[in-house]
Amino acid sequence: MTALEIGHWLLIGAGAVVLAVLIVRWLGSGKSIWRPAPMREMHMPFEMLLAPVIVYFLISALLYPLVASAFEPAAGQPATAPAAPENKIAAVTVNNLAIAVVAVVAYAIGRRFCSAPNRPFILGDRQYGRDVTETLLTVLVAFALCYGLLDLTTWIVRLIEPEHVFPEHGVIEAMNAPTAPTWLPVLLWLGTVVATPIAEETFFRGLLQTYLAKALPSRKLAVVLAGAAFGAAHLGQPQVVPAMIVFGMIVGTLYERRGGLLAPILAHALFNAKSMLWETLGAHAW
């Protein structure tokens with residue numbers, strides 16, 4: 001077992017311990033982790049909820065032909081082949097650019113419709129120490145539950161279809177492409193660890209979950225539905241969807257507890273950073 005594999009299992013073990021302590025505490029004292037902050041105000045029309053999604057697809061459709069034309073296909077490989085490494089690189093480059101724009105758009109909408117003077121859209125109640133503490137504990141629990149669920153999902157699929165080939169994440173495919181330019185790893189790290197957590201948490205938790213919490217009779221149901229939507233956004237890798245639904249519900253609960261997006265963004269960034277670091281160092285843990 002390599003040092004990376006040991007580190008991977010140590011993180012999962014630490015998360016399992018934290019989860020066990022939380023369960024024992026709940027059973028012993030009745031204190032649930034569901035202690036939400038006061039409901040956030042929202043006066044957002046439904047069409048504003050769709051704006052970041054529309055922006056993402058518009059930018060992707062407009063930029064992909066331009067970016068793809070900048071990469072030369074490998075010798076003997078048709079330029080239009082979906083599996084061509086150059087097209088994978090172009091796709092993740094465009095995705096990162098679109099995600100960065102979505103982060104700005106979603107933040108602008110949230111700041112306009114979901115922010116109050118005493119509770120900014122991102123910072124919440126400004127109790128940064130608790131934000132950091134709960135973020136670290138949440139990430140450890142997410143490691144245990146999400147990686148465990150991923151292993152269970154892949155085991156079940158292989159039990160049914162032993163020869164099944166699981167699709168790899170586009171970022172990983174681009175990173176490992178033999179024709180990847182030298183600047184690509186920097187772009188992928190920034191996109192995966194910075195832009196994606198900000199954009200996805202701002203949209204799925206800050207906008208969608210808050211909208212659902214106001215529209216539905218239960219904030220817990222809003223967490224579940226926003227988590228399901230988050231998982232559905234990862235259908236490009238079907239094997240990770242159950243784990244991503246759980247991850248969405250975990251950070252959704254964190255958002256409700258903290259009343260702001262700082263903790264969910266940090267948790268999402270740390271979760272992604274672990275996957276990127278292990279992949280960069282040569283361990284395919286995700």
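**Figure 1. Two helices help to line the largest cavity.** Helix 6 and helix 8 each supply at least two residues of the lining of the largest cavity. The model shown here, as in every view below, is predicted. How many cavities of 30 Å³ or more are there? The count comes to 1. The volume of the largest cavity is about 80 Å³. Its lining includes A37, P38, M39 and R40. R119, T210, A213 and R219 are also among the lining residues. Y255, E256 and G259 line the cavity too. Sorted by class, the lining holds 5 nonpolar, 2 polar and 4 charged residues. A general point helps in reading such views. Rolling a probe the size of a water molecule over the atoms shows where empty space is left.

**Figure 2. The whole chain is built with 9 helices and 0 strands.** Read along the sequence, the pattern is α-α-α-α-α-α-α-α-α. Along the principal axes, the C-alpha atoms fill a box of roughly 65 × 45 × 35 Å. How does the radius of gyration fit a compact globule? A compact globule of 286 residues would have a radius of gyration near 19 Å, and the chain has 20 Å, so the two agree. Of the 286 residues, 45% count as buried. Now take contacts between residues at least 6 apart in sequence. Of these contacts, 77% join residues at least 24 apart.

**Figure 3. The largest pocket has a volume of about 1300 Å³.** Its lining is made of 50 residues. Which of them lie nearest the centre of the largest pocket? They are N95, H169, E200, A233 and H234. Several helices each supply at least two residues of this lining. Among them are helix 2 (46-68), helix 3 (85-113) and helix 5 (170-175). Helix 6 (184-215) and helix 7 (219-232) are also included. So are helix 8 (241-258) and helix 9 (262-280). Helix 3 gives the most, with 9 residues. By class, the lining of the largest pocket has 29 nonpolar, 16 polar and 5 charged residues.

**Figure 4. The second largest pocket has a volume of about 590 Å³.** This pocket is lined by 22 residues. Nearest its centre lie L22, I33, W34, T253 and R257. Which elements give two or more residues to its lining? They are helix 1 (3-29), helix 4 (128-160) and helix 8. The lining of the second largest pocket divides into 13 nonpolar, 4 polar and 5 charged residues.

**Figure 5. R257 makes a polar contact with E134.** R257 is one of the residues nearest the centre of the second largest pocket. R257 sits in helix 8. Is R257 buried or exposed? Its relative accessibility is 16%. Buried means under 20%, so R257 counts as buried. The polar contact joins the side chain of R257 to the side chain of E134, at 2.8 Å. Set aside the neighbours within four places in sequence. R257 is then in contact with I33, R35, P36, A37, R130 and E134. Of these, A37 also lines the largest cavity.

**Figure 6. T135 in helix 4 is buried.** T135 has a relative accessibility of 2%. That value is under the 20% cut-off, so T135 counts as buried. Which residues does T135 touch, leaving aside neighbours within four places in sequence? T135 is in contact with L254, A263, L266, A267 and L270.

**Figure 7. R112 in helix 3 is exposed.** Its relative accessible area is 59%. Exposed means over 50%, so R112 falls in that class. R112 and M44 are 68 residues apart in sequence. In space, their C-alpha atoms are 8.5 Å apart.

**Figure 8. I6 in helix 1 is partly exposed.** The relative accessibility of I6 is 40%. Partly exposed lies between under 20% for buried and over 50% for exposed, so I6 takes that label. I6 and M276 are 270 residues apart along the chain. What separates their C-alpha atoms in this predicted model? The separation is 17 Å.

Technical notes: Residues are numbered from 1 along each chain as its sequence is written. This is a predicted model: local features need pLDDT of at least 70, side-chain atom pairs count only at pLDDT 80 or more; totals for chains, interfaces and linings use all residues. Side-chain values use heavy atoms; hydrogens and water are left out. On a 1 Å grid over the protein atoms alone, a cavity is a set of points where a 1.4 Å probe fits but cannot get out, and a pocket is an open set with protein on both sides within 12 Å along at least five of seven lines; lining residues have an atom within 4 Å of a point. Grid points are joined across faces, edges and corners, and a volume is the space filled by probe spheres set on the points. Helices (H or I, at least four residues) and strands (E, at least two) are DSSP runs, numbered from the N terminus. Ala, Val, Leu, Ile, Met, Phe, Trp, Tyr, Cys and Pro count as nonpolar, Asp, Glu, Lys and Arg as charged, and the others, Gly among them, as polar. Buried means under 20% relative accessible area, exposed over 50%, partly exposed in between (1.4 Å probe, protein chains only). A polar contact is a pair of N or O atoms within 3.5 Å; within protein, one must be able to donate a hydrogen and the other to accept it, and residues adjacent in sequence count only if both atoms are side-chain atoms. Contact means heavy atoms within 4.5 Å. The radius of gyration is taken over C-alpha atoms; the globule rule is 2.2 Å times the number of residues to the power 0.38.
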